[in-house]
Amino acid sequence: MKAVLDTSPIISLSILNKLPILESLFSSIYIPKAVWKELSDNKAILPFSGIKSFFNSRVIREISKNNDLTPFVDCGESEAIILAKEINADYLIIDDKRARSIAEEIGLECIGTLGLLYRAK
């Protein structure tokens, strides 16, 4: 199964030392470039070194379409939605309620950090 991640679930899972559960639940893990930029540009994110090492060998992708969702949600969330749609991901892992609502309206299956932890249990 393929999954696309937004920023906040990555940070939450990293703080909990639970990033490896992604490997047990999904065969392919993707993050868009905007999410990587949000993570790598913010040096205040305490667990960044764990995030960086985990995603070093993962696929960080650019979206091929124009990002028409930025008036509604931030750049990372909007690129995650678009990327999930483009690659026909099985899940979009996202916590933001507004972004999740938009994603579900266009037919994406979404799960948040808590749902992901529950599923891994």
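## A guided tour, starting at helix H6

Select helix H6, residues 97-105, and pick out Arg100 and Glu104: both sit in this helix, four residues apart, or about one turn. The model you have open is a predicted one. Now show the two side chains and look between them. Arg100 makes a salt bridge with Glu104, and their closest N and O atoms are 3.6 Å apart. Side chains of opposite charge can pair when their charged atoms come close. Searching the whole structure turns up one salt bridge.

Are these two partners buried or exposed? Arg100 has 25% relative accessibility, so it counts as partly exposed. Glu104, at 42% relative accessibility, also counts as partly exposed.

Next, zoom out and switch to a cartoon view. You should find seven helices and five strands, and if you trace the chain along the sequence, the pattern reads β-α-α-β-α-α-β-α-β-α-β-α. Colour by burial and 47% of the 121 residues come up as buried. With a surface switched on, the accessible area is about 6500 Å², and carbon and sulfur atoms hold 50% of that. If you like contact maps, count the contacts with a separation of 6 or more: 64% of them join residues 24 or more positions apart.

Time to go inside. Select Ile10, Leu19, Leu22, Phe26, Phe55, Ile93 and Leu116, the residues with the most contacts inside the largest nonpolar core, which has 21 residues. Several elements give two or more residues to this core: strands E1 (2-5), E2 (28-32) and E4 (91-93), together with helices H1 (7-15), H2 (21-25), H3 (33-41) and H4 (48-55). A second core, of 15 residues, lies apart from that one; Val4, Tyr30, Ala80 and Leu108 are among its members.

Stay with Ile93 for a moment and display what surrounds it. Which residues is Ile93 in contact with, leaving aside its neighbours within four places in sequence? The list is Ala3, Val4, Leu5, Asp6, Pro9, Leu22, Phe26, Ile111 and Leu116.

For the last stop, select H1 along with helix H7, residues 113-120. Their axes come within 10 Å and cross at roughly 50 degrees, which means that H1 is oblique to H7. To see where the two helices meet, show Pro9, Ser12 and Leu13 on the H1 side and Thr113, Leu116 and Leu117 on the H7 side. You have already come across Leu116, as one of the residues with the most contacts inside the largest nonpolar core and as a contact of Ile93.

Methods:
Residues are numbered from 1 along each chain as its sequence is written. This is a predicted model: local features need pLDDT of at least 70, side-chain atom pairs count only at pLDDT 80 or more; totals for chains, interfaces and linings use all residues. Side-chain values use heavy atoms; hydrogens and water are left out. A salt bridge is a side-chain nitrogen of Lys or Arg within 4 Å of a carboxyl oxygen of Asp or Glu. Buried means under 20% relative accessible area, exposed over 50%, partly exposed in between (1.4 Å probe, protein chains only). Contact means heavy atoms within 4.5 Å. Accessible areas come from the Shrake-Rupley method with a 1.4 Å probe; for residues, only the protein chains shown count as cover. A nonpolar core is a set of buried Ala, Val, Leu, Ile, Met, Phe, Trp, Tyr and Cys residues joined through side-chain atoms within 4.5 Å. Axes are lines fitted to C-alpha atoms, for helices over the stretch in contact, and angles run from 0 to 180 degrees between N-to-C directions. Angles under 35 degrees count as roughly parallel, over 145 as roughly antiparallel, 65 to 115 as roughly perpendicular and the rest as oblique.
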